Structures are given as structure tokens and as C-alpha cells.
Amino acid sequence: MSQNIAVLPGDGAGPEVAAAARAALEAAAARFGLSLSFAEHPFGGAAIDACGNPLPDATLEACRAADAIILGAVGGPKWGTGTVRPEAGLLRLRQELNLFANLRPVKVHPALAAFSPLREERVRDVDILILRELTGGLYFGDKTRVRDTASDVCRYSRFEIIRAARVAFEAARQRRNHVTSIDKANVLETSRLWRETVTDLHARDYADVGLRHELVDSAAMKLITQPGDYDVVLTENLFGDILSDECSVLAGSIGLLGSASLGAGQNGLYEPIHGSAPDIAGQGIANPVGAITSAAMALHHSLGAPEAADALDGAIFAAIADGARTRDLGGTLGTQEMTAAVIDRLQKG
Ligand code: NAD
Ligand code: IPM
Ligand code: MN
């Protein structure tokens with residue numbers, strides 16, 4: 001029986017990189033004998049233009065029914081920050097599907113270490129997994145606006161912290177067995193609950209895993225100056241959003257990083273961490289590697305095909321090792337050419 005992939009191209013450069021992710025999945029399916037079927041659905045600004053809603057009911061239902069969701073990116077200057085926003089569709093999709101655990105791996109390809117603005121020896125061995133809590137915190141608390149005053153409530157429950165922290169500790173056991181939990185416990189009550197809850201859970205169920213707590217301001221500095229000190233980084237929604245874009249500097253470009261958003265079931269949402277890149281959209285030059293990396297994560301986490309996932313990751317690695325580069329990495333390849341370079345290695349590998 002074939003597995004259903006919902007494709008949400010979205011806005012700006014989103015459709016360009018979503019097409020790359022889809023092409024990579026099709027190539028992986030051909031090579032590994034998987035049966036995947038794809039259907040595209042309106043989402044984000046494109047859906048606002050079509051029907052006034054960034055997450056139409058039919059798109060949400062298709063996502064619920066899918067085995068995996070591939071997303072390009074949403075948003076852009078056309079829709080600004082008005083009342084009906086493309087980004088609200090993405091937040092609602094994450095919430096409706098209860099995708100509370102966002103995995104954002106940051107690895108530095110040896111051939112790109114010299115490309116980072118940081119000294120090569122600092123970034124060479126970087127291998128960080130950011131576990132960003134995705135359905136709580138400031139993003140989803142009550143919002144008010146009364147005349148010239150606005151507020152966003154930051155709210156976390158022990159339950160929400162525990163389920164995200166479990167994913168981080170379990171992932172650490174498969175890696176270098178260390179979690180750094182990042183918060184702002186010197187100021188925020190939610191962070192004090194976060195730290196207390198992570199500490200209790202660690203003592204109870206994960207005492208074999210190393211744990212360190214850090215404050216987000218100095219952690220933002222240390223992630224750049226001593227990135228090799230981090231294995232799994234566990235943090236709340238807003239801090240994870242900011243720190244993951246920061247960490248893309250270690251890898252060489254934000255266009256390289258992918259993500260998986262997971263809940264309690266198999267179904268997951270897979271998207272690059274970057275946005276719709278309005279400044280380069282429509283030119284066919286966006287780096288597709290973040291989207292293709294996300295496709296590999298879909299093979300691994302939702303489609304029951306870890307071998308295909310490893311082969312696709314290997315193909316990305318080989319293409320970059322062979323010198324394939326989009327413009328953000330100082331090369332000349334367009335989105336489709338870079339995608340073809342990866343698919344070529346996948347077929348040969
Ligand atoms: P952005 O990530 O879109 O772009 C930041 C910079 O990185 C730009 O210079 C862009 O050209 C570059 N960049 C991004 N992706 C790239 C790629 N694949 N290859 C090469 N260069 C790339 O961030 P922004 O400009 O702050 O946001 C633009 C819009 O995207 C906003 O509306 C924002 O809300 C939205 N956004 C959406 C998502 C998502 O859909 N998951 C994520 C982040 C931002
Ligand atoms: C991301 C994006 C989103 C977020 C926006 C577009 C809502 O920045 O996926 O990193 O803040 O979570
Ligand atoms: Mn972001």
C-alpha cells in the first residue's frame with residue numbers, strides 16, 4: 001500500500017525547495033522500492049489569496065490523513081503582519097496535529113568548515129541536535145492589544161515540559177549522551193518550572209544521561225564560541241526558534257538546515273528551518289539542502305525507511321564533498337541543479 005505525502009509548497013522560495021524535497025523523495029522511493037503518493041495543498045499566503053484562510057479545512061484534513069507532510073515555507077511582505085497571516089496557518093497546523101517536538105540538527109560538513117565565518121577549528125566537529133518545544137510558550141499564550149499596550153502570555157505546564165524533555169533525553173542516548181537545557185530561570189517563572197521539571201525527570205528516568213542547565217543569553221554566546229561542547233540542546237519554543245537560526249551560521253548557511261516536527265504518532269511535519277526568503281524567491285537559486293535534509297528526516301521518522309534516509313543524507317554529503325554549491329555557499333548552482341546533484345549521488349550510491 002502506498003504512503004501519502006501531503007506537500008504544502010507555501011510562499012516565496014517555499015515552492016522551489018518543496019519541489020526539491022519531493023524530487024528527492026521520489027528518487028529515494030524509486031531506489032528503495034517505496035510506494036509514495038504525493039498531493040499538493042494550498043497553505044500560507046497562497047491559501048489566503050485563494051480562500052482567505054492560511055490553513056483551509058481541506059488542507060488540515062489532508063495533513064491529518066497523511067503519513068508525512070512536506071512544507072516549503074510561508075510568509076512574505078505581501079501579507080505582512082496583518083490580522084490574517086500566513087504564519088498563523090503554520091502555528092495552527094503544529095497545534096492541531098500536536099507536533100510538540102521540533103528536531104533541528106546542526107552538523108558541519110567538513111568541506112564547508114572553512115566557509116563558516118567562524119574559525120575552522122571551532123566548527124569542524126560540530127554535531128548538535130536542537131530539540132525545540134513547539135506548541136507552547138509565548139507563541140500560544142493569550143494575546144491582548146488594548147490601545148497602546150500589548151501583551152503575549154508565556155505559559156508552560158509540567159506536562160508539556162516533560163514530553164519535550166523525554167524526546168531530548170531519548171535522542172541523547174542515541175548520540176553522545178548529553179543534554180544542555182537552556183532557559184532564563186534567573187528571570188522567568190516558566191523557566192524556573194522548566195528547570196525544576198527537567199531536573200526531576202532527569203533524576204527519575206534519565207540519570208545515565210549527562211545534563212547541564214544554561215541561561216539563554218550566555219548560551220547564545222557559547223553556542224558560537226564553543227559549539228563542540230553541545231550534543232542535544234533542549235529549549236522552549238521562542239529560544240529554540242532564535243538559537244536554531246543562530247546555529248545555522250556554524251553550518252555555513254541557513255539554507256542547509258532541515259527539521260522534523262513530531263507528536264505522539266508517526267505522522268510528522270518536515271520543513272527547512274528557513275523562511276520564504278523573499279529577497280531571492282522566484283529566481284531558482286534557493287539552497288534546497290535544508291528541504292532535502294527534511295525529506296530524509298521524513299523517511300526516517302514517518303515513512304519507516306531509515307536505510308533510504310541514510311542514503312539520502314549520504315547523497316547530500318557526497319554532492320557537497322564533490323563541490324556542488326548554491327550561491328549562499330559561494331557556488332553557482334541553482335536550486336534544481338543542486339537537487340539534481342544530490343539525486344545523482346543517490347542513484348549511484
Ligand atoms: P528567511 O529565512 O526567509 O531569510 C533570511 C535570509 O536567509 C534571507 O537573506 C534569505 O535569502 C536567506 N535564505 C533563506 N533560505 C535560504 C535558502 N534556502 N537558500 C539561500 N538563502 C536562504 O527569514 P526572513 O526573511 O526573516 O523571513 C521571511 C518570511 O518567511 C517571513 O514572512 C517569515 O515569517 C517567514 N518564515 C517562515 C518560516 C516557515 O515557513 N517555516 C520560517 C521562518 C520564517
Ligand atoms: C520557524 C519560523 C516560524 C516560527 C514562524 C514562521 C511562525 O520562524 O519555523 O522557525 O517562529 O516557529
Ligand atoms: Mn524561525
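Trainee: Is T83 buried or exposed?
Mentor: Keep in mind that this is a predicted model. In it, T83 sits in the loop between strand 3 (68-73) and helix 4 (86-96). A residue counts as exposed when its relative accessible area is over 50%. T83 has a relative accessible area of 79%, so T83 is exposed.

Trainee: What distance separates the C-alpha atoms of T83 and A19?
Mentor: Along the chain, T83 and A19 are 64 residues apart. In space, their C-alpha atoms are separated by 29 Å.

Trainee: Is H274 buried or exposed?
Mentor: Let's place H274 before judging it: H274 belongs to the loop between strand 12 (268-272) and helix 10 (289-301). The cut-off for buried is under 20% relative accessible area. With a relative accessibility of 10%, H274 falls under that cut-off, and therefore H274 counts as buried.

Trainee: Which residues does H274 touch, leaving out those up to four places away in sequence?
Mentor: Good one to follow up with, since we have just met this loop residue. Here a contact means heavy atoms within 4.5 Å. Leaving out those sequence neighbours, the residues H274 touches are V17, A73, I254, G255 and N287.

Trainee: How much of the accessible area of ligand 1 does the protein cover?
Mentor: Start with the polar contacts. A polar side-chain atom of E87 lies 2.5 Å from an oxygen atom of ligand 1, while backbone N or O atoms of G275 and A277 lie 2.7 Å and 2.8 Å from an oxygen atom of ligand 1. On its own, ligand 1 has 810 Å² of accessible area, and the share covered by the protein is 69%.

Trainee: How many nonpolar, polar and charged residues does the shell around ligand 1 have?
Mentor: There are 20 residues around ligand 1, and E87, E271, G275, A277 and D279 come nearest. Sorted by class, the shell has nine nonpolar, seven polar and four charged residues.

Trainee: Which residues surround ligand 2?
Mentor: You have already met one of them, E87, beside ligand 1. The residues surrounding ligand 2 are E87, L91, R94, R104, R132, Y139, D241 and I273.

Trainee: How much of ligand 2 does the protein bury?
Mentor: Look at the side chains first. N or O atoms there lie 3.0 Å from an oxygen atom of ligand 2 for R104, 2.6 Å for Y139 and 2.9 Å for D241. Taken alone, ligand 2 exposes 320 Å², and the part of that buried by the protein is 80%.

Note on methods: Residues are numbered from 1 along each chain as its sequence is written. Chains are lettered from A and ligands numbered from 1 in the order in which they are written. This is a predicted model: local features need pLDDT of at least 70, side-chain atom pairs count only at pLDDT 80 or more; totals for chains, interfaces and linings use all residues. Side-chain values use heavy atoms; hydrogens and water are left out. Helices (H or I, at least four residues) and strands (E, at least two) are DSSP runs, numbered from the N terminus. Buried means under 20% relative accessible area, exposed over 50%, partly exposed in between (1.4 Å probe, protein chains only). A residue is near a molecule or strand if one of its heavy atoms lies within 4 Å of it. A polar contact is a pair of N or O atoms within 3.5 Å; within protein, one must be able to donate a hydrogen and the other to accept it, and residues adjacent in sequence count only if both atoms are side-chain atoms. Accessible areas come from the Shrake-Rupley method with a 1.4 Å probe; for residues, only the protein chains shown count as cover. Ala, Val, Leu, Ile, Met, Phe, Trp, Tyr, Cys and Pro count as nonpolar, Asp, Glu, Lys and Arg as charged, and the others, Gly among them, as polar.
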